[in-house]
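Open the model in a viewer and keep the selection tool at hand. The stops below are meant to be taken in order.

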Amino acid sequence: MNGSSRILIVDDSETSLNILERILNSCGYENIQKASGAWDGIELLDEAENSKEKLPDLILMDIVMPQMNGIEAVQRLKTHPIYEHIPIIMISVKNDAQTLSDAFEAGAADFILKPVSKPVLKARVDAIIKLKLETDKRKQQEEELKTLNRRLEDLNQVKNRFLGTAAHDLRGPLASIRGFAEMLTDELDGKLNGDQAEMLSMIHETSHGMLSLVNDLLDYAVIESGRLSLLKQESELRKIIDRRININEPLAARKNITIKRELEDVGIVSVDKNRIDQVLDNLLGNAVKFSPQNTEVTVKLYKEGNSAALTVADQGVGISEEDIPKLFGEYCTVSSKPTDGEKSTGLGLFIIKSIVYAHHGSFSVKSKKGEGTEITVKLPAETSI
């Protein structure tokens, strides 16, 4: 440590400079610079800074000097953005209370009385040099971490742009495939044999599932980039929920799952209808996905204080207590599995959370393994969901 540490001694006495240098050399400090006065010391620092040389790790500064005394020099250095971090030990024959107070108030790290004792000087210099090196190391690590974080943020933006572009380019063809499959099913109804009808149905279902995944990826890219915006309008929440249940009922019917409605009138709220549709589709889709056949999903809408509360409860496989905190994270994976092999990106609940938060709302989850799941979304009815 000592050999690489650089120390600047500032004193108007050549004798004092030489004595301090010899003591420091005997303590293992070899990289010593000497300045005959405060102005010479400041000039040495400026030259080192201008030539991008390493600055001192420590300055030993005499107090009593002509033209500019040591306290004035310390005050000047501590107002400089480059030099203010260099620790300074003040050295003086004066040790009255006022001198000590002025020295530490100016920014001195320590004070040593002349004549200087080698053990005292060594102990003080060693301690401050060690602290300075540890501080420099921490600052370097912080800068490296900042650089790494900036790099990661840049890479994250690249990833989001890629996801957005790829998902956008895939959505059109997938929508076309699904549409053509529906059209062929309608036009060729009764003209296909069993295998052909089954294959056409598989094309439709697969393209529908892939389109859902692509839409999730698009939403994720928008949310991650901070571009999630809301287009609010006055809406009757009960009608929005009723319509989304109608749309999701055929999916539930495939597993013989009944969607039960308990929808109260909570009045008119200001919401982004398309985004609330996404919330409902995800909640209903998950409830069906994680429920066995011949069960029931209950959807409730009710007023709770100043909030409109929406609860979707199923009789499905439930979620373990340790998995509940993971639910609304990105790419959520929990131990519970869909009951019919349905696929998912694991982004649905993350998207719900982002949309609900954007509406200044909240959500909660109640669940036990094997006893179903109940998710409640609360939306501030008086200000918008």
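Is Asn294 buried or exposed? Select Asn294 to begin: its relative accessibility is 54%, so Asn294 counts as exposed, the threshold for that class being over 50%. Keep in mind throughout that this is a predicted model. Asn294 sits in the loop between helix 8 and strand 9 (296-304). Check the backbone as well: phi of Asn294 is near 65°, a positive value in a residue other than glycine.

Next, select Lys52, in the loop between helix 2 (38-50) and strand 3 (58-62). Lys52 also has a positive phi, of about 60°, although it is not a glycine. With a relative accessibility of 68%, Lys52 counts as exposed.

For another backbone feature, go to the loop between strand 5 (110-113) and helix 5 (118-187), where Pro115 lies. Display the peptide bond from Lys114 to Pro115: this bond is cis, with omega near -5°.

Now show helix 8 (residues 273-289) together with helix 9 (residues 348-358). The two pack at an angle of about 145°, and their axes are 9 Å apart. The crossing of helix 8 and helix 9 is left-handed. To see the contact, select Arg275, Gln278, Val279, Asn282, Leu283 and Asn286 on the helix 8 side, then Gly348, Leu349, Ile351, Ile352, Ile355 and Val356 on the helix 9 side. Coloured by class, the residues of this contact divide into seven nonpolar, four polar and one charged.

Stay with Asn286, which lies in helix 8. Its relative accessibility is 19%, so Asn286 counts as buried; the limit for that class is under 20%. To set a long distance on screen, add Asn18: the C-alpha atoms of Asn286 and Asn18 are 81 Å apart in space, and the two residues are 268 apart in sequence.

Move on to strand 6 (residues 233-236) and select Ser235, which lies in this strand. At 9% relative accessibility, Ser235 counts as buried. What does Ser235 contact, leaving aside its neighbours within four places in sequence? Show Ile240, Gly267, Ile268, Val269 and Val271, which are the residues in contact with Ser235 on that basis. Then draw a distance from a polar atom of the Ser235 side chain to the backbone oxygen of Gln233: the value is 3.2 Å.

Strand 12 (residues 373-380) is the next selection, with Thr376 in it. Thr376 has a relative accessible area of 7% and is buried. The side chain of Thr376 makes a polar contact of 2.9 Å with the side chain of Thr311. Not counting residues up to four places away in sequence, Thr376 touches Tyr302, Ala309, Leu310, Thr311, Ser362, Phe363 and Ser364.

Phe363, one of the residues that Thr376 touches, leads to the last stop. How many aromatic pairs does a search of the whole structure find? The search finds one. The pair consists of Tyr357 and Phe363, with ring centres 5.6 Å apart and planes at 25°, so the pair is stacked. The step to that label rests on a cut-off: planes under 30 degrees apart count as stacked. Tyr357 is partly exposed, at a relative accessible area of 48%.

Technical notes. Residues numbered from 1 in each chain as written. Predicted model: local features only at pLDDT ≥ 70, side-chain atom pairs only at ≥ 80, totals over all residues. Heavy atoms only, no water. Phe/Tyr/Trp six-rings, centres within 6.5 Å; stacked < 30°, edge-to-face > 60°. Buried < 20%, exposed > 50% of the residue type's maximum accessible area, 1.4 Å probe, protein only. Axes fitted to C-alpha atoms, helices over the stretch in contact; angles between N-to-C directions. Helix = DSSP H or I, 4+ residues; strand = E, 2+ residues; numbered from the N terminus. Left-handed = near helix turned anticlockwise from the far one by under 90°. Contact = heavy atoms within 4.5 Å. Nonpolar A, V, L, I, M, F, W, Y, C, P; charged D, E, K, R; others polar. Polar contact = N/O pair within 3.5 Å; in protein donor to acceptor, adjacent residues only side chain to side chain.
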